[in-house]
Structure formats: C-alpha cells, structure tokens
Amino acid sequence: MINREKAFELLHKHLITENLRRHCLASSVVMKAVAQKLGQPAEDWEILGLLHDMDLDITKGDMKSHARVAVDLLSSEGLPEDYLHAILAHNEESGAKRSSVLDHALAASESITGLIVACAMVYPDRKISSVKTKSIAKRMKEKRFAESVSRENILECEKAGIPFTEFVDLALAAMSSIEDKLIN
Ligand SMILES: [Fe+2]
C-alpha cells in the first residue's frame with residue numbers, strides 16, 4: 001500500500017479541479033473515521049477515500065470509464081485488489097458490484113460528503129460544524145435537494161455495519177475537523 005504523501009502526489013498530478021480535490025479530501029477523512037469505528041486500517045482507508053475519484057478530470061463526463069481509469073493508474077502503485085475493486089464499484093456504471101464492507105463504506109462515505117457540503121452551503125455561516133445530524137436526516141427525504149447525491153449509496157453505511165445516525169455523526173465530526181479546507 002502506498003503512503004499518504006504518495007497518494008496526495010498522485011491525486012494532485014491527475015486531479016486539477018479544486019472542488020473535486022475537496023470532495024476527495026472530504027471522502028478521505030470520512031473513510032478514516034469509518035475505519036476507526038470498524039477497527040480497520042485507518043490510514044489505508046483514508047488513502048482510498050482520497051484516490052477514489054482521481055480520474056475525474058481525465059474521464060470528464062464519460063461515466064463508463066470513470067473509476068476504471070483510476071484503477072489503471074493505480075494498478076502499478078501496489079494497491080491491494082480489494083481496494084481497487086472498491087474504487088471500481090463506487091461507480092455503478094463501471095459494471096462492478098459492491099459486496100465487501102470496504103465497497104459499501106466507500107460508496108456511503110463519498111456520497112454523504114456531498115449531502116453534508118450541500119447542507120452547509122445553505123446555512124448563513126456556510127459552516128459544516130453548524131450542520132446537525134437531524135438536518136441531514138431531513139434532507140435525506142428531500143429528493144430534490146442536492147438531487148445528484150444518491151441516498152441509496154449513503155444508506156449502504158448500514159451494509160458496512162454502521163447505523164445511519166452514527167454514520168452521519170461521525171461524518172459530520174470528521175468533516176468539521178477540516179472544514180476550512182472543504183468550503184471557502
Ligand atoms: Fe466521489
């Protein structure tokens with residue numbers, strides 16, 4: 001497994017768009033918190049969160065190749081097979097199916113980041129630390145709010161073994177800890 005420094009180097013080499021980099025950073029801190037909750041290797045899961053969307057500036061709108069290009073870029077970097085599969089399967093359009101705890105954790109974590117940022121953006125202070133778990137629960141049911149965020153993917157936290165409310169609590173805490181880097 002590569003280390004965090006190398007992961008940042010790879011991410012910044014391939015992903016230029018600032019908002020996408022922020023999304024990757026948000027996903028990484030949520031994945032780290034999820035790993036800690038589940039007793040899994042936190043730094044490795046953090047790196048997975050960081051790299052999962054590293055190909056988006058290359059694949060642009062081509063959702064059939066998104067994630068597959070990332071896996072190609074990473075296959076020579078020594079990432080374990082199950083990590084590569086989780087990256088591939090986070091994009092349903094790749095055709096890969098999610099089955100492991102890692103697969104579900106990544107899909108849920110990267111999806112909750114979008115809903116949390118969208119919630120924070122409509123607050124007067126635009127602060128992630130102002131967002132409450134119950135606001136996220138309410139927004140889960142409002143399909144037209146941040147409609148590109150898959151609620152089904154978020155609920156896969158339960159398949160990873162974390163109840164929804166606990167998952168939102170830990171994602172909010174993780175993202176609040178670096179909120180200045182996530183919203184400008
Ligand atoms: Fe993502």
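Four donors around a metal count as tetrahedral if all angles lie between 85 and 135 degrees, four count as square planar and six as octahedral if opposite donors are over 155 degrees apart and all others between 65 and 115, and anything else is irregular. The model is predicted, so that local features need pLDDT of at least 70 and side-chain atom pairs count only at pLDDT 80 or more, while totals for chains, interfaces and linings use all residues. Residues are numbered from 1 along each chain as its sequence is written, and side-chain values use heavy atoms, with hydrogens and water left out.

**Exercise 1.** Identify the donors of the iron ion and classify their arrangement.

*Solution.* Taking donors as N, O and S atoms within 2.8 Å of the metal (3.2 Å for Na, K and Ca), the iron ion is coordinated by His23 (NE2), His52 (NE2), Asp53 (OD) and Glu110 (OE), at 1.7 to 2.1 Å. The 4 donor atoms subtend angles of 92 to 159°, and the arrangement is therefore irregular; water is not among the atoms, so the site may look incomplete. Along the chain, the donors follow the spacing H-x28-H-D-x56-E.

**Exercise 2.** Describe how α7 is oriented against α10.

*Solution.* With axes as lines fitted to C-alpha atoms, for helices over the stretch in contact, and angles running from 0 to 180 degrees between N-to-C directions, the axes of α7 and α10 come within 10 Å and cross at roughly 70°. That makes α7 roughly perpendicular to α10, a term that covers 65 to 115 degrees.

Technical notes
Helices (H or I, at least four residues) and strands (E, at least two) are DSSP runs, numbered from the N terminus. Angles under 35 degrees count as roughly parallel, over 145 as roughly antiparallel, 65 to 115 as roughly perpendicular and the rest as oblique.
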